[in-house]
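Biologist: I'm new to this one. Could you show it to me and then let me quiz you on how you name things?

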Amino acid sequence: MYQEVKKVSDLRVGVAVIDTGIFRHNDFDNRIVAFADFVNQKINAYDDSGHGTHVSGIIAGSGKASRGKYRGVAPKSAIIAVKVLDKRGNGRVENVIAGLDWVLRMKKIYNIRIVNISFGTTSKKDKDMEKTLIAKVEQLWDAGIVIVVAAGNSGPERNSVTTPGNSKKVITVGSFDDSSYRINGPIRYYSGRGPIGEAVIKPEVVVTGANIVACSNHQNSYSIKSGTSMSAPIVSGAVARLLEIHPDLTPDDVKNRLKKFCVKIDIPENQQGWGMLDVAGFAGGK
């Protein structure tokens, strides 16, 4: 089901990208250290969608194919790609949970410090499965792994953050530039809004999510995508940069630091949470 490449140096932060897989783009150098496929059970890394590769490029692309123009936030980090979504971006919650269980087992081998989840479920039919997914991401958080989740693109109504971004523990990321024109229609604001139950602030933080250029699933090529799926990996990359400097920080430490480096901006309160993240300041380690 999965391929283990090598053990990650304790000096290299491992980021697990739970998504559609990964294409071996030149911008990833030799930093794709493991691949696990819970959809088609293939051994070698692949991405039949391109979404997971784009997300991984935002986090860790070196920019080699673009001469540094399209560089990820944390280009020194190691990538652990976990495929739980098919070529259409659809998946089963059971596979997501199995992928997260695998990440937990492989935590020490690959020095997995961060999990990026750039998708969510809006189905309210199976409350038990939703609770199981939330419990699983919180188990990883308690085990010392920072969980970064997209707020989802089901906004702008209140309580539109998708699962597992509605977990109280994880870091949920929205987009502050979440507008797109429909053909012959009004602007649609998509970023998931809080609050969630018991008036818990969600998302905690917002960054850009519009027209992000990153690696595609074709060699030396890039694609442009928008959405909170693109916002979450910006924060995951910033966390990876921070943990390179301060590896002893716990997930709670990281979350507390996030709040200190957010600035309120002119968007609805229930969209921005603590505000827009100063990525450079947060990741600078001072």
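**Charged pairs, and how we call them**

Modeller: Sure, and keep in mind that this is a predicted model. Let's begin with two residues: Glu-204 and Lys-255 are both buried.

Biologist: Okay, what makes Glu-204 and Lys-255 a salt bridge?

Modeller: Their side chains meet with N to O at 3.3 Å. The cut-off is within 4 Å, so the pair counts. Glu-204 sits in the loop between strand 9 (187–189) and strand 10 (205–207), while Lys-255 belongs to helix 5 (residues 251–260), so the bridge ties together parts that are 51 residues apart in sequence.

Biologist: And why is the contact of Lys-264 with Glu-269 called a salt bridge?

Modeller: Here the closest N and O atoms are 2.6 Å apart. That is within 4 Å, so the name fits.

Biologist: How do you know whether Lys-264 is buried, partly exposed or exposed?

Modeller: Lys-264 has 45% relative accessibility. Buried needs under 20% and exposed needs over 50%, so Lys-264 is partly exposed.

Biologist: What about Glu-269, then: buried or exposed?

Modeller: Glu-269 comes out at 53%. The line for exposed is over 50%, so Glu-269 is exposed.

Biologist: Why does the pair Glu-94 and Arg-92 count as a salt bridge?

Modeller: N to O is 3.8 Å for those side chains. It's still within 4 Å, so Glu-94 and Arg-92 qualify. Glu-94 itself is partly exposed, because its relative accessible area is 39%, which is neither under 20% nor over 50%.

Biologist: How many salt bridges does that rule give?

Modeller: The count comes to ten.

How values were computed:
Residues numbered from 1 in each chain as written. Predicted model: local features only at pLDDT ≥ 70, side-chain atom pairs only at ≥ 80, totals over all residues. Heavy atoms only, no water. Buried < 20%, exposed > 50% of the residue type's maximum accessible area, 1.4 Å probe, protein only. Helix = DSSP H or I, 4+ residues; strand = E, 2+ residues; numbered from the N terminus.
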